[in-house]
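Student: I am new to this structure and would like a close look at a single part of it, the helices of the second chain and how they sit against the first. Could you take me through that part slowly, and then place it in its surroundings?

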Amino acid sequence: MNELIQFFTTNKEIIFSVTLMIFVGVEVIGKVPAVLHTPLMSGANAIHGVVIVGAIIVMLNSEADNYLALALGTIAVFLGTLNVVGGFVVTDRMLEMFKKKKN
Amino acid sequence: MIHIIYLIASVTFILGLKMLSNPKTARNGNLLAAAGMIAAIIATIAFHVGEVDALIYQLIFGAIAIGTVVGWLTAKKIQMTKMPELVSLFNGMGGACAALIGLVEFHHNLGDATSISVILAGMVIGSVSFSGSMIAWAKLNGTIRKAIRIPKYNIFNTVLLIGLFVYGGWITWSETGSEMHLYVLFAAALSYGILFVLPIGGADMPVVISLLNSFTGLAAAFGGFLYGNQVMLTGGILVGSAGTLLTLVMCKAMNRPLFNVVFGAFGGGNSSSESTDSQGSVREVGPSDLAVQLNYSNKVLIVPGYGLAVAQAQHVIKELEQLLESKGVEVAYAIHPVAGRMPGHMNVLLAESNVQYDKLKEMEDVNPEFAQTDVVLVVGANDVVNPAAKTDPASPIFGMPILEVETAKSVVVNKRSMKPGYAGIENQLFFRDKTQMLFGDAKKVLSELVSELKALD
(Lines give C-alpha, C1' and ligand atoms only; values in the text may rest on other atoms or scores of the structure.)
Protein backbone atom coordinates (compact mmCIF):
# COMPACT_ATOMS: atom_id res chain seq x y z
CA MET A 1 0.00 0.00 0.00
CA ASN A 2 2.80 2.40 0.93
CA GLU A 3 4.53 1.67 -2.32
CA LEU A 4 1.35 2.44 -4.19
CA ILE A 5 0.95 5.79 -2.47
CA GLN A 6 4.58 6.57 -3.12
CA PHE A 7 4.16 5.67 -6.77
CA PHE A 8 1.17 7.98 -6.94
CA THR A 9 3.00 10.85 -5.28
CA THR A 10 6.08 10.63 -7.48
CA ASN A 11 4.02 10.40 -10.65
CA LYS A 12 1.06 12.52 -9.66
CA GLU A 13 1.32 14.95 -12.58
CA ILE A 14 1.38 12.12 -15.07
CA ILE A 15 -1.50 10.33 -13.39
CA PHE A 16 -3.54 13.54 -13.44
CA SER A 17 -2.98 14.21 -17.11
CA VAL A 18 -3.63 10.59 -18.06
CA THR A 19 -6.93 10.52 -16.19
CA LEU A 20 -8.07 13.83 -17.63
CA MET A 21 -6.98 12.89 -21.15
CA ILE A 22 -9.06 9.70 -21.02
CA PHE A 23 -12.16 11.80 -20.45
CA VAL A 24 -11.15 14.36 -23.04
CA GLY A 25 -10.73 11.57 -25.57
CA VAL A 26 -14.18 10.20 -24.84
CA GLU A 27 -15.77 13.66 -24.93
CA VAL A 28 -14.06 14.68 -28.14
CA ILE A 29 -15.42 11.73 -30.07
CA GLY A 30 -18.90 12.25 -28.65
CA LYS A 31 -21.46 11.94 -31.39
CA VAL A 32 -19.61 11.41 -34.61
CA PRO A 33 -21.60 10.59 -37.75
CA ALA A 34 -20.84 7.17 -39.26
CA VAL A 35 -19.70 8.93 -42.43
CA LEU A 36 -16.70 10.32 -40.59
CA HIS A 37 -15.61 7.13 -38.82
CA THR A 38 -12.92 6.32 -41.35
CA PRO A 39 -11.35 9.80 -41.53
CA LEU A 40 -11.54 10.08 -37.75
CA MET A 41 -9.80 6.76 -37.27
CA SER A 42 -7.22 7.82 -39.81
CA GLY A 43 -6.71 11.16 -38.07
CA ALA A 44 -6.29 9.50 -34.69
CA ASN A 45 -3.87 7.12 -36.38
CA ALA A 46 -1.75 10.07 -37.47
CA ILE A 47 -1.81 11.60 -33.99
CA HIS A 48 -0.39 8.54 -32.28
CA GLY A 49 2.51 9.00 -34.65
CA VAL A 50 3.67 11.31 -31.86
CA VAL A 51 5.58 8.21 -30.78
CA ILE A 52 8.23 9.54 -33.18
CA VAL A 53 9.13 12.07 -30.48
CA GLY A 54 10.18 9.10 -28.35
CA ALA A 55 12.24 7.68 -31.20
CA ILE A 56 14.01 11.02 -31.61
CA ILE A 57 14.74 11.15 -27.88
CA VAL A 58 16.23 7.65 -28.11
CA MET A 59 18.51 8.84 -30.88
CA LEU A 60 19.53 12.05 -29.12
CA ASN A 61 20.47 10.11 -25.98
CA SER A 62 22.42 7.37 -27.77
CA GLU A 63 26.19 7.21 -27.83
CA ALA A 64 27.59 7.66 -31.30
CA ASP A 65 29.36 4.28 -31.15
CA ASN A 66 26.41 2.20 -30.03
CA TYR A 67 25.61 0.98 -33.50
CA LEU A 68 22.77 -1.36 -32.54
CA ALA A 69 20.90 1.40 -30.72
CA LEU A 70 21.57 3.82 -33.56
CA ALA A 71 20.34 1.37 -36.17
CA LEU A 72 17.16 0.55 -34.25
CA GLY A 73 16.62 4.23 -33.44
CA THR A 74 17.01 5.29 -37.06
CA ILE A 75 14.51 2.66 -38.18
CA ALA A 76 12.16 3.81 -35.41
CA VAL A 77 12.40 7.44 -36.55
CA PHE A 78 11.79 6.35 -40.13
CA LEU A 79 8.73 4.28 -39.21
CA GLY A 80 7.40 7.03 -36.96
CA THR A 81 7.74 9.54 -39.79
CA LEU A 82 5.84 7.18 -42.08
CA ASN A 83 3.07 7.02 -39.49
CA VAL A 84 2.88 10.80 -39.06
CA VAL A 85 3.27 11.93 -42.66
CA GLY A 86 1.31 9.10 -44.24
CA GLY A 87 -1.40 9.36 -41.62
CA PHE A 88 -2.03 13.06 -42.05
CA VAL A 89 -1.78 13.02 -45.83
CA VAL A 90 -4.19 10.09 -46.17
CA THR A 91 -6.66 11.76 -43.83
CA ASP A 92 -6.40 14.96 -45.81
CA ARG A 93 -7.06 13.09 -49.03
CA MET A 94 -10.15 11.45 -47.59
CA LEU A 95 -11.48 14.76 -46.35
CA GLU A 96 -10.71 16.49 -49.61
CA MET A 97 -13.30 14.19 -51.17
CA PHE A 98 -15.89 15.28 -48.66
CA LYS A 99 -15.28 18.88 -49.49
CA LYS A 100 -15.69 18.40 -53.21
CA LYS A 101 -19.23 17.19 -52.95
CA LYS A 102 -20.42 20.48 -51.50
CA ASN A 103 -19.74 22.27 -54.79
CA MET B 1 10.16 26.64 -23.80
CA ILE B 2 9.84 23.03 -24.94
CA HIS B 3 7.01 22.49 -22.49
CA ILE B 4 5.07 25.44 -23.89
CA ILE B 5 5.34 23.99 -27.39
CA TYR B 6 4.37 20.53 -26.11
CA LEU B 7 1.35 22.08 -24.43
CA ILE B 8 0.33 23.85 -27.62
CA ALA B 9 0.82 20.63 -29.60
CA SER B 10 -1.36 18.69 -27.13
CA VAL B 11 -4.10 21.30 -27.50
CA THR B 12 -3.92 21.08 -31.31
CA PHE B 13 -4.36 17.29 -31.05
CA ILE B 14 -7.48 17.68 -28.94
CA LEU B 15 -8.96 20.44 -31.09
CA GLY B 16 -7.98 18.62 -34.26
CA LEU B 17 -9.72 15.45 -33.17
CA LYS B 18 -12.77 17.45 -32.08
CA MET B 19 -12.92 19.18 -35.46
CA LEU B 20 -12.52 15.87 -37.24
CA SER B 21 -15.88 14.74 -35.93
CA ASN B 22 -17.74 17.41 -37.87
CA PRO B 23 -17.79 17.33 -41.68
CA LYS B 24 -17.44 21.10 -41.98
CA THR B 25 -14.33 21.52 -39.89
CA ALA B 26 -12.75 18.10 -40.42
CA ARG B 27 -10.13 19.08 -42.94
CA ASN B 28 -8.86 22.05 -40.96
CA GLY B 29 -8.81 19.93 -37.84
CA ASN B 30 -6.51 17.45 -39.52
CA LEU B 31 -4.18 20.23 -40.69
CA LEU B 32 -4.18 21.77 -37.22
CA ALA B 33 -3.13 18.49 -35.61
CA ALA B 34 -0.46 18.06 -38.28
CA ALA B 35 0.93 21.53 -37.53
CA GLY B 36 1.03 20.69 -33.83
CA MET B 37 2.89 17.47 -34.62
CA ILE B 38 5.53 19.27 -36.69
CA ALA B 39 6.02 21.80 -33.89
CA ALA B 40 6.45 19.01 -31.34
CA ILE B 41 9.01 17.21 -33.50
CA ILE B 42 11.04 20.36 -34.17
CA ALA B 43 10.93 21.35 -30.51
CA THR B 44 12.16 17.90 -29.45
CA ILE B 45 15.23 18.24 -31.64
CA ALA B 46 15.86 21.96 -31.18
CA PHE B 47 15.58 22.13 -27.41
CA HIS B 48 17.47 18.97 -26.57
CA VAL B 49 19.94 19.53 -23.75
CA GLY B 50 23.35 17.88 -23.96
CA GLU B 51 26.05 16.99 -26.43
CA VAL B 52 24.89 15.15 -29.50
CA ASP B 53 27.17 13.69 -32.12
CA ALA B 54 26.79 15.10 -35.63
CA LEU B 55 26.30 11.57 -36.95
CA ILE B 56 23.15 11.24 -34.86
CA TYR B 57 21.66 14.41 -36.29
CA GLN B 58 22.44 13.16 -39.77
CA LEU B 59 20.71 9.87 -39.07
CA ILE B 60 17.64 11.58 -37.57
CA PHE B 61 17.22 14.05 -40.41
CA GLY B 62 17.96 11.36 -42.97
CA ALA B 63 15.32 9.05 -41.51
CA ILE B 64 12.77 11.86 -41.31
CA ALA B 65 13.50 12.97 -44.88
CA ILE B 66 13.19 9.47 -46.34
CA GLY B 67 10.16 8.71 -44.19
CA THR B 68 8.45 11.91 -45.32
CA VAL B 69 9.05 11.23 -48.99
CA VAL B 70 7.98 7.59 -48.78
CA GLY B 71 4.96 8.31 -46.58
CA TRP B 72 3.85 11.26 -48.68
CA LEU B 73 4.14 9.46 -51.99
CA THR B 74 2.42 6.29 -50.73
CA ALA B 75 -0.44 8.28 -49.26
CA LYS B 76 -0.83 10.41 -52.38
CA LYS B 77 -0.56 7.65 -54.93
CA ILE B 78 -2.73 5.03 -53.32
CA GLN B 79 -6.12 4.41 -54.89
CA MET B 80 -9.12 5.48 -52.86
CA THR B 81 -10.20 1.86 -52.61
CA LYS B 82 -6.98 0.89 -50.86
CA MET B 83 -7.27 3.45 -48.08
CA PRO B 84 -8.40 1.13 -45.30
CA GLU B 85 -5.36 -1.06 -45.88
CA LEU B 86 -3.11 1.95 -45.79
CA VAL B 87 -4.46 3.20 -42.46
CA SER B 88 -3.73 -0.24 -41.07
CA LEU B 89 -0.23 -0.18 -42.53
CA PHE B 90 0.64 3.22 -41.08
CA ASN B 91 -0.79 2.16 -37.75
CA GLY B 92 1.56 -0.82 -37.80
CA MET B 93 4.51 1.51 -38.45
CA GLY B 94 3.65 3.49 -35.33
CA GLY B 95 3.41 0.29 -33.32
CA ALA B 96 6.77 -0.90 -34.61
CA CYS B 97 8.28 2.46 -33.72
CA ALA B 98 7.06 2.08 -30.13
CA ALA B 99 8.38 -1.50 -29.98
CA LEU B 100 11.85 -0.46 -31.18
CA ILE B 101 12.01 2.31 -28.58
CA GLY B 102 11.38 -0.37 -25.96
CA LEU B 103 14.12 -2.60 -27.35
CA VAL B 104 16.69 0.19 -27.16
CA GLU B 105 15.66 1.63 -23.82
CA PHE B 106 15.56 -1.70 -21.98
CA HIS B 107 19.19 -1.89 -20.92
CA HIS B 108 19.45 1.86 -20.28
CA ASN B 109 16.99 1.45 -17.46
CA LEU B 110 18.07 -1.75 -15.76
CA GLY B 111 17.46 -1.76 -12.04
CA ASP B 112 14.54 0.62 -12.18
CA ALA B 113 11.48 -1.59 -11.92
CA THR B 114 8.96 1.13 -12.79
CA SER B 115 10.79 2.12 -15.96
CA ILE B 116 11.35 -1.48 -16.99
CA SER B 117 7.69 -2.37 -16.60
CA VAL B 118 6.69 0.73 -18.58
CA ILE B 119 9.22 -0.11 -21.30
CA LEU B 120 8.06 -3.71 -21.53
CA ALA B 121 4.40 -2.69 -21.62
CA GLY B 122 5.06 -0.21 -24.42
CA MET B 123 7.13 -2.73 -26.33
CA VAL B 124 4.61 -5.55 -26.02
CA ILE B 125 1.63 -3.38 -27.00
CA GLY B 126 3.58 -1.82 -29.85
CA SER B 127 4.62 -5.25 -31.15
CA VAL B 128 1.09 -6.63 -30.96
CA SER B 129 -0.17 -3.55 -32.76
CA PHE B 130 2.50 -3.91 -35.42
CA SER B 131 2.09 -7.57 -36.26
CA GLY B 132 -1.69 -7.38 -35.88
CA SER B 133 -1.87 -4.43 -38.25
CA MET B 134 0.26 -6.25 -40.79
CA ILE B 135 -2.16 -9.19 -40.73
CA ALA B 136 -5.13 -6.82 -40.98
CA TRP B 137 -3.42 -5.16 -43.91
CA ALA B 138 -2.78 -8.49 -45.61
CA LYS B 139 -6.39 -9.51 -45.09
CA LEU B 140 -7.82 -6.32 -46.53
CA ASN B 141 -5.35 -6.46 -49.35
CA GLY B 142 -6.47 -9.97 -50.17
CA THR B 143 -3.06 -11.48 -49.50
CA ILE B 144 -4.65 -13.57 -46.78
CA ARG B 145 -8.13 -14.44 -47.89
CA LYS B 146 -9.63 -16.67 -45.29
CA ALA B 147 -9.89 -16.54 -41.57
CA ILE B 148 -7.28 -19.02 -40.42
CA ARG B 149 -7.92 -20.74 -37.14
CA ILE B 150 -5.86 -23.18 -35.27
CA PRO B 151 -7.93 -25.55 -33.15
CA LYS B 152 -8.92 -24.11 -29.78
CA TYR B 153 -7.40 -20.78 -30.79
CA ASN B 154 -9.36 -18.90 -28.13
CA ILE B 155 -7.83 -20.89 -25.31
CA PHE B 156 -4.41 -20.79 -26.92
CA ASN B 157 -4.52 -17.03 -27.42
CA THR B 158 -5.72 -16.39 -23.91
CA VAL B 159 -2.95 -18.54 -22.48
CA LEU B 160 -0.42 -16.71 -24.64
CA LEU B 161 -1.76 -13.36 -23.46
CA ILE B 162 -1.51 -14.36 -19.81
CA GLY B 163 1.93 -15.76 -20.57
CA LEU B 164 3.00 -12.35 -21.93
CA PHE B 165 1.89 -10.67 -18.71
CA VAL B 166 3.57 -13.20 -16.47
CA TYR B 167 6.78 -13.26 -18.47
CA GLY B 168 6.92 -9.45 -18.61
CA GLY B 169 6.28 -9.30 -14.88
CA TRP B 170 8.99 -11.86 -14.24
CA ILE B 171 11.54 -9.91 -16.34
CA THR B 172 10.68 -6.80 -14.33
CA TRP B 173 10.82 -8.25 -10.83
CA SER B 174 13.65 -10.71 -11.31
CA GLU B 175 15.73 -7.75 -12.54
CA THR B 176 17.35 -9.94 -15.11
CA GLY B 177 19.42 -7.86 -17.46
CA SER B 178 19.40 -10.58 -20.05
CA GLU B 179 18.76 -9.40 -23.57
CA MET B 180 17.66 -12.91 -24.44
CA HIS B 181 14.51 -12.64 -22.34
CA LEU B 182 13.76 -9.27 -23.88
CA TYR B 183 13.89 -10.68 -27.38
CA VAL B 184 11.87 -13.76 -26.47
CA LEU B 185 9.18 -11.47 -25.05
CA PHE B 186 9.38 -9.36 -28.21
CA ALA B 187 8.91 -12.43 -30.41
CA ALA B 188 6.06 -13.71 -28.25
CA ALA B 189 4.29 -10.35 -28.49
CA LEU B 190 4.68 -10.36 -32.27
CA SER B 191 3.22 -13.86 -32.45
CA TYR B 192 0.33 -12.84 -30.25
CA GLY B 193 -0.52 -9.97 -32.61
CA ILE B 194 -0.58 -12.39 -35.53
CA LEU B 195 -2.66 -15.01 -33.74
CA PHE B 196 -4.99 -12.34 -32.37
CA VAL B 197 -6.01 -11.01 -35.78
CA LEU B 198 -5.74 -14.16 -37.91
CA PRO B 199 -8.99 -15.80 -36.76
CA ILE B 200 -11.03 -12.62 -37.10
CA GLY B 201 -13.09 -12.43 -40.27
CA GLY B 202 -12.60 -9.72 -42.86
CA ALA B 203 -15.98 -8.18 -42.14
CA ASP B 204 -14.78 -7.26 -38.67
CA MET B 205 -11.48 -5.79 -39.85
CA PRO B 206 -12.56 -2.14 -39.42
CA VAL B 207 -13.20 -2.78 -35.75
CA VAL B 208 -9.87 -4.56 -35.39
CA ILE B 209 -7.96 -1.73 -37.05
CA SER B 210 -9.67 0.78 -34.80
CA LEU B 211 -8.78 -1.35 -31.79
CA LEU B 212 -5.14 -1.72 -32.84
CA ASN B 213 -5.13 2.02 -33.44
CA SER B 214 -5.95 2.63 -29.81
CA PHE B 215 -3.30 0.06 -28.84
CA THR B 216 -0.64 2.08 -30.64
CA GLY B 217 -1.92 5.17 -28.85
CA LEU B 218 -1.42 3.34 -25.58
CA ALA B 219 2.08 2.26 -26.60
CA ALA B 220 2.95 5.88 -27.38
CA ALA B 221 1.59 6.91 -23.98
CA PHE B 222 3.85 4.38 -22.23
CA GLY B 223 6.75 5.98 -24.08
CA GLY B 224 5.58 9.34 -22.79
CA PHE B 225 5.46 7.98 -19.26
CA LEU B 226 9.00 6.67 -19.59
CA TYR B 227 10.45 10.00 -20.70
CA GLY B 228 8.06 12.14 -18.69
CA ASN B 229 7.22 13.55 -22.09
CA GLN B 230 3.88 15.34 -21.96
CA VAL B 231 3.11 15.51 -25.66
CA MET B 232 3.59 11.77 -26.15
CA LEU B 233 1.54 11.11 -23.08
CA THR B 234 -1.39 13.32 -24.02
CA GLY B 235 -1.34 12.37 -27.69
CA GLY B 236 -1.11 8.67 -26.87
CA ILE B 237 -3.79 8.61 -24.21
CA LEU B 238 -6.04 10.78 -26.34
CA VAL B 239 -5.86 8.32 -29.21
CA GLY B 240 -6.08 5.40 -26.82
CA SER B 241 -9.34 6.54 -25.27
CA ALA B 242 -10.86 8.09 -28.39
CA GLY B 243 -9.86 5.00 -30.36
CA THR B 244 -11.45 2.68 -27.84
CA LEU B 245 -14.67 4.65 -27.92
CA LEU B 246 -14.63 4.72 -31.71
CA THR B 247 -14.17 0.95 -31.70
CA LEU B 248 -17.23 0.57 -29.49
CA VAL B 249 -19.26 2.95 -31.67
CA MET B 250 -18.35 0.87 -34.72
CA CYS B 251 -19.32 -2.33 -32.95
CA LYS B 252 -22.63 -0.75 -32.11
CA ALA B 253 -23.21 0.16 -35.75
CA MET B 254 -22.79 -3.51 -36.57
CA ASN B 255 -24.70 -4.63 -33.51
CA ARG B 256 -21.87 -6.93 -32.55
CA PRO B 257 -20.39 -6.77 -29.06
CA LEU B 258 -16.64 -6.26 -29.06
CA PHE B 259 -16.25 -9.50 -27.17
CA ASN B 260 -17.82 -11.41 -30.05
CA VAL B 261 -15.60 -9.72 -32.57
CA VAL B 262 -12.46 -10.67 -30.70
CA PHE B 263 -13.39 -14.06 -29.33
CA GLY B 264 -16.48 -15.18 -31.20
CA ALA B 265 -15.12 -14.71 -34.70
CA PHE B 266 -17.34 -15.72 -37.57
CA GLY B 267 -17.89 -19.42 -37.18
CA GLY B 268 -17.07 -21.73 -40.02
CA GLY B 269 -20.81 -22.24 -40.30
CA ASN B 270 -22.25 -24.50 -37.67
CA SER B 271 -24.55 -27.38 -38.48
CA SER B 272 -27.87 -25.57 -38.14
CA SER B 273 -26.92 -22.77 -40.50
CA GLU B 274 -25.50 -25.17 -43.01
CA SER B 275 -28.77 -27.03 -43.22
CA THR B 276 -30.51 -23.87 -44.37
CA ASP B 277 -27.96 -23.35 -47.12
CA SER B 278 -30.45 -24.37 -49.74
CA GLN B 279 -29.20 -24.36 -53.26
CA GLY B 280 -32.35 -23.00 -54.83
CA SER B 281 -32.29 -21.77 -58.37
CA VAL B 282 -30.83 -18.44 -59.30
CA ARG B 283 -32.31 -16.12 -61.89
CA GLU B 284 -29.79 -14.41 -64.08
CA VAL B 285 -30.31 -11.14 -65.89
CA GLY B 286 -28.28 -9.48 -68.64
CA PRO B 287 -27.45 -5.78 -69.00
CA SER B 288 -29.93 -5.25 -71.84
CA ASP B 289 -32.93 -6.67 -69.96
CA LEU B 290 -31.95 -4.75 -66.86
CA ALA B 291 -31.67 -1.54 -68.88
CA VAL B 292 -35.29 -1.91 -69.93
CA GLN B 293 -36.36 -2.63 -66.36
CA LEU B 294 -34.58 0.43 -65.04
CA ASN B 295 -35.87 2.58 -67.86
CA TYR B 296 -39.45 2.00 -66.78
CA SER B 297 -38.87 2.34 -63.06
CA ASN B 298 -39.94 5.29 -60.98
CA LYS B 299 -37.51 4.79 -58.19
CA VAL B 300 -34.17 3.00 -58.05
CA LEU B 301 -32.01 2.53 -54.97
CA ILE B 302 -28.38 1.56 -55.34
CA VAL B 303 -26.72 -0.46 -52.58
CA PRO B 304 -22.95 -0.15 -52.99
CA GLY B 305 -20.51 -2.56 -51.37
CA TYR B 306 -16.88 -3.55 -51.46
CA GLY B 307 -17.28 -4.99 -54.97
CA LEU B 308 -17.90 -1.47 -56.22
CA ALA B 309 -14.65 -0.33 -54.64
CA VAL B 310 -12.64 -3.24 -56.00
CA ALA B 311 -13.93 -2.72 -59.51
CA GLN B 312 -13.35 1.05 -59.26
CA ALA B 313 -16.90 1.47 -60.52
CA GLN B 314 -17.66 4.69 -58.63
CA HIS B 315 -17.50 6.85 -61.77
CA VAL B 316 -19.58 4.63 -63.98
CA ILE B 317 -22.21 4.35 -61.27
CA LYS B 318 -22.40 8.12 -61.14
CA GLU B 319 -22.90 8.07 -64.92
CA LEU B 320 -25.69 5.53 -64.49
CA GLU B 321 -27.29 7.69 -61.85
CA GLN B 322 -27.24 10.79 -64.07
CA LEU B 323 -28.55 8.89 -67.05
CA LEU B 324 -31.48 7.50 -65.09
CA GLU B 325 -32.25 10.88 -63.56
CA SER B 326 -32.36 12.41 -67.03
CA LYS B 327 -35.00 9.82 -67.83
CA GLY B 328 -37.03 10.89 -64.82
CA VAL B 329 -36.09 7.99 -62.57
CA GLU B 330 -35.51 8.83 -58.94
CA VAL B 331 -32.12 7.47 -57.87
CA ALA B 332 -30.50 7.37 -54.43
CA TYR B 333 -27.84 5.34 -52.66
CA ALA B 334 -28.52 3.22 -49.60
CA ILE B 335 -25.42 3.16 -47.44
CA HIS B 336 -25.01 0.52 -44.77
CA PRO B 337 -22.89 1.76 -41.85
CA VAL B 338 -20.25 -0.87 -42.52
CA ALA B 339 -20.54 -1.20 -46.27
CA GLY B 340 -17.15 -1.72 -47.82
CA ARG B 341 -14.28 -2.43 -45.51
CA MET B 342 -14.62 0.52 -43.18
CA PRO B 343 -17.42 2.70 -41.92
CA GLY B 344 -17.77 5.64 -44.28
CA HIS B 345 -15.76 3.84 -46.97
CA MET B 346 -18.60 4.09 -49.51
CA ASN B 347 -19.22 7.75 -48.73
CA VAL B 348 -15.60 8.58 -49.42
CA LEU B 349 -15.60 6.55 -52.59
CA LEU B 350 -18.81 7.99 -54.01
CA ALA B 351 -17.76 11.47 -53.02
CA GLU B 352 -14.77 10.97 -55.29
CA SER B 353 -17.08 10.75 -58.28
CA ASN B 354 -19.06 13.80 -57.10
CA VAL B 355 -22.21 12.02 -56.01
CA GLN B 356 -24.40 14.55 -54.19
CA TYR B 357 -24.22 14.33 -50.41
CA ASP B 358 -28.03 14.19 -50.01
CA LYS B 359 -28.24 11.21 -52.34
CA LEU B 360 -26.41 9.07 -49.84
CA LYS B 361 -28.98 7.76 -47.42
CA GLU B 362 -28.15 6.11 -44.14
CA MET B 363 -29.65 2.79 -43.20
CA GLU B 364 -32.32 3.95 -40.72
CA ASP B 365 -33.63 6.55 -43.17
CA VAL B 366 -33.62 4.37 -46.22
CA ASN B 367 -35.07 1.13 -44.89
CA PRO B 368 -38.71 2.34 -44.99
CA GLU B 369 -38.14 3.56 -48.55
CA PHE B 370 -37.44 0.15 -50.05
CA ALA B 371 -41.15 -0.67 -50.11
CA GLN B 372 -41.75 2.15 -52.59
CA THR B 373 -38.77 1.22 -54.69
CA ASP B 374 -39.10 -0.49 -58.07
CA VAL B 375 -35.58 -1.79 -58.46
CA VAL B 376 -32.83 -2.16 -55.89
CA LEU B 377 -29.45 -2.48 -57.54
CA VAL B 378 -26.99 -4.17 -55.20
CA VAL B 379 -23.47 -3.58 -56.47
CA GLY B 380 -20.85 -5.79 -54.89
CA ALA B 381 -22.50 -5.88 -51.47
CA ASN B 382 -23.44 -9.12 -49.81
CA ASP B 383 -23.50 -9.51 -46.04
CA VAL B 384 -25.16 -6.12 -45.47
CA VAL B 385 -28.24 -7.31 -47.38
CA ASN B 386 -28.29 -10.88 -46.11
CA PRO B 387 -31.73 -11.63 -44.64
CA ALA B 388 -30.19 -14.33 -42.45
CA ALA B 389 -29.11 -11.52 -40.13
CA LYS B 390 -32.79 -11.04 -39.29
CA THR B 391 -34.23 -14.51 -39.62
CA ASP B 392 -31.62 -17.12 -38.81
CA PRO B 393 -30.49 -17.12 -35.17
CA ALA B 394 -27.84 -19.68 -36.07
CA SER B 395 -26.22 -17.37 -38.59
CA PRO B 396 -22.94 -15.80 -37.51
CA ILE B 397 -24.21 -12.39 -38.56
CA PHE B 398 -27.54 -12.77 -36.78
CA GLY B 399 -28.51 -9.50 -35.12
CA MET B 400 -26.57 -7.24 -37.45
CA PRO B 401 -28.93 -4.60 -38.84
CA ILE B 402 -29.26 -4.95 -42.60
CA LEU B 403 -30.65 -3.01 -45.52
CA GLU B 404 -34.09 -4.49 -46.04
CA VAL B 405 -33.90 -4.67 -49.79
CA GLU B 406 -36.40 -7.53 -49.94
CA THR B 407 -39.34 -5.21 -49.45
CA ALA B 408 -38.68 -3.61 -52.85
CA LYS B 409 -40.52 -4.76 -55.95
CA SER B 410 -37.43 -6.34 -57.42
CA VAL B 411 -33.82 -6.79 -56.49
CA VAL B 412 -30.88 -7.01 -58.86
CA VAL B 413 -27.61 -8.19 -57.42
CA ASN B 414 -24.36 -7.55 -59.22
CA LYS B 415 -21.61 -9.92 -58.13
CA ARG B 416 -18.68 -11.52 -59.81
CA SER B 417 -19.80 -15.00 -58.87
CA MET B 418 -21.97 -16.90 -56.44
CA LYS B 419 -19.13 -17.03 -53.93
CA PRO B 420 -20.11 -16.03 -50.40
CA GLY B 421 -19.15 -12.61 -49.11
CA TYR B 422 -16.52 -11.66 -46.62
CA ALA B 423 -18.28 -13.23 -43.68
CA GLY B 424 -18.05 -16.48 -45.62
CA ILE B 425 -21.75 -17.34 -45.45
CA GLU B 426 -24.45 -18.06 -48.01
CA ASN B 427 -26.96 -15.38 -48.84
CA GLN B 428 -30.56 -16.57 -49.20
CA LEU B 429 -31.44 -13.31 -50.91
CA PHE B 430 -29.87 -14.55 -54.13
CA PHE B 431 -32.32 -17.45 -54.32
CA ARG B 432 -35.49 -15.41 -53.79
CA ASP B 433 -38.07 -15.14 -56.56
CA LYS B 434 -37.81 -11.39 -56.87
CA THR B 435 -34.04 -11.46 -57.07
CA GLN B 436 -32.11 -11.41 -60.32
CA MET B 437 -28.37 -11.87 -60.55
CA LEU B 438 -26.21 -9.74 -62.80
CA PHE B 439 -22.87 -11.52 -62.91
CA GLY B 440 -19.62 -9.83 -63.77
CA ASP B 441 -17.14 -7.17 -62.74
CA ALA B 442 -19.09 -4.13 -61.53
CA LYS B 443 -17.33 -1.63 -63.75
CA LYS B 444 -17.68 -3.77 -66.85
CA VAL B 445 -21.35 -4.70 -66.50
CA LEU B 446 -22.36 -1.24 -65.37
CA SER B 447 -20.65 0.27 -68.41
CA GLU B 448 -22.60 -2.17 -70.57
CA LEU B 449 -25.74 -1.21 -68.72
CA VAL B 450 -25.08 2.48 -69.36
CA SER B 451 -24.59 1.96 -73.08
CA GLU B 452 -27.72 -0.20 -73.28
CA LEU B 453 -29.65 2.54 -71.54
CA LYS B 454 -28.34 5.13 -73.96
CA ALA B 455 -29.38 2.93 -76.86
CA LEU B 456 -32.94 2.84 -75.59
CA ASP B 457 -33.64 6.42 -76.60
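Tutor: A definition is needed before we begin: the expected span of a helix is 1.5 Å times one less than its number of residues. With that rule we can look at helix H5 of chain B, keeping in mind throughout that this is a predicted model. Helix H5(B) covers residues 113-141, and because its 29 residues should span 42 Å at 1.5 Å a residue, the 41 Å between its end C-alpha atoms agrees with the expectation. H5(B) is also mostly covered, since 23 of its 29 residues are buried, where a residue counts as buried if 20 or more other C-beta atoms lie within 10 Å of its own. Just after this helix, Gly142(B) takes a positive phi of about 90°.

The same rule can be applied to helix H1 of chain B, residues 2-20: its 19 residues should span 27 Å, and its end C-alpha atoms are 27 Å apart, so the two values agree. The buried residues of H1(B) include Tyr6(B), Phe13(B), Ile14(B), Leu17(B), Met19(B) and Leu20(B), and also Ser10(B), Thr12(B) and Gly16(B).

We can now turn to the place where helix H2 of chain B, residues 26-46, meets helix H3 of chain A, residues 37-47. The axes of these two helices come within 10 Å and cross at roughly 10°, which makes H3(A) roughly parallel to H2(B), because angles under 35 degrees count as roughly parallel. On the side of H3(A), the residues that meet the other helix are Pro39(A), Gly43(A), Ala46(A) and Ile47(A), while H2(B) brings Ala26(B), Asn30(B) and Ala33(B). The residues of this contact divide into 5 nonpolar and 2 polar, with no charged residue.

That pair of helices belongs to a contact between the chains which takes 73 residues from chain A and 94 residues from chain B. On the side of chain A that touches chain B, helices H2 (12-29), H3, H4 (51-61) and H5 (67-100) of chain A each supply at least two residues, and the largest share, 31 residues, comes from H5(A). By type, the residues of that side of chain A divide into 47 nonpolar, 20 polar and 6 charged.

As for the wider layout, chain A is divided into domain 1 (1-30) and domain 2 (31-103), and the C-alpha centres of these two domains lie 25 Å apart. The domain assignment of chain B gives domain 1 (1-77), domain 2 (82-264) and domain 3 (278-455), and the C-alpha centres of its domain 1 and domain 3 lie 42 Å apart.

Some individual residues of chain B help to fill in this layout. Asn157(B) has its place in helix H6 of chain B, residues 153-174, and is partly exposed, with 19 other C-beta atoms within 10 Å. Leaving aside neighbours within four places in sequence, Asn157(B) is in contact with Leu195(B) and Phe196(B). Asn157(B) and Val412(B) are 255 residues apart in sequence, and their C-alpha atoms are 42 Å apart in space.

Lys415(B) is found in strand E5 of chain B, residues 410-415, and counts as buried because it has 23 C-beta neighbours inside 10 Å. Not counting residues up to four places away in sequence, Lys415(B) touches Gly307(B), Gly380(B), Met437(B) and Phe439(B). With Phe439(B) the separation is 24 residues in sequence and 5.2 Å in space, C-alpha to C-alpha.

Two loop residues of chain B complete the tour, and a general remark prepares for them: most residues other than glycine have a negative phi. Gln312(B), however, has a positive phi near 55°; it is found in the loop between helix H13 (306-310) and helix H14 (314-326) of chain B, and is partly exposed, with 17 other C-beta atoms within 10 Å. Asn354(B) likewise has a positive phi, of about 65°, although it is not a glycine. Asn354(B) is found in the loop between helix H15 (345-352) and strand E3 (360-362) of chain B, and counts as partly exposed, with 14 C-beta neighbours inside 10 Å.

Note on methods: Residues numbered from 1 in each chain as written. Chains lettered and ligands numbered in written order. Predicted model: local features only at pLDDT ≥ 70, side-chain atom pairs only at ≥ 80, totals over all residues. Axes fitted to C-alpha atoms, helices over the stretch in contact; angles between N-to-C directions. Helix = DSSP H or I, 4+ residues; strand = E, 2+ residues; numbered from the N terminus. Parallel < 35°, antiparallel > 145°, perpendicular 65-115°, else oblique. Contact = placed C-beta atoms within 7 Å. Nonpolar A, V, L, I, M, F, W, Y, C, P; charged D, E, K, R; others polar. Domains from an automatic or database assignment. Buried ≥ 20, exposed ≤ 12 C-beta atoms within 10 Å, placed from the backbone.
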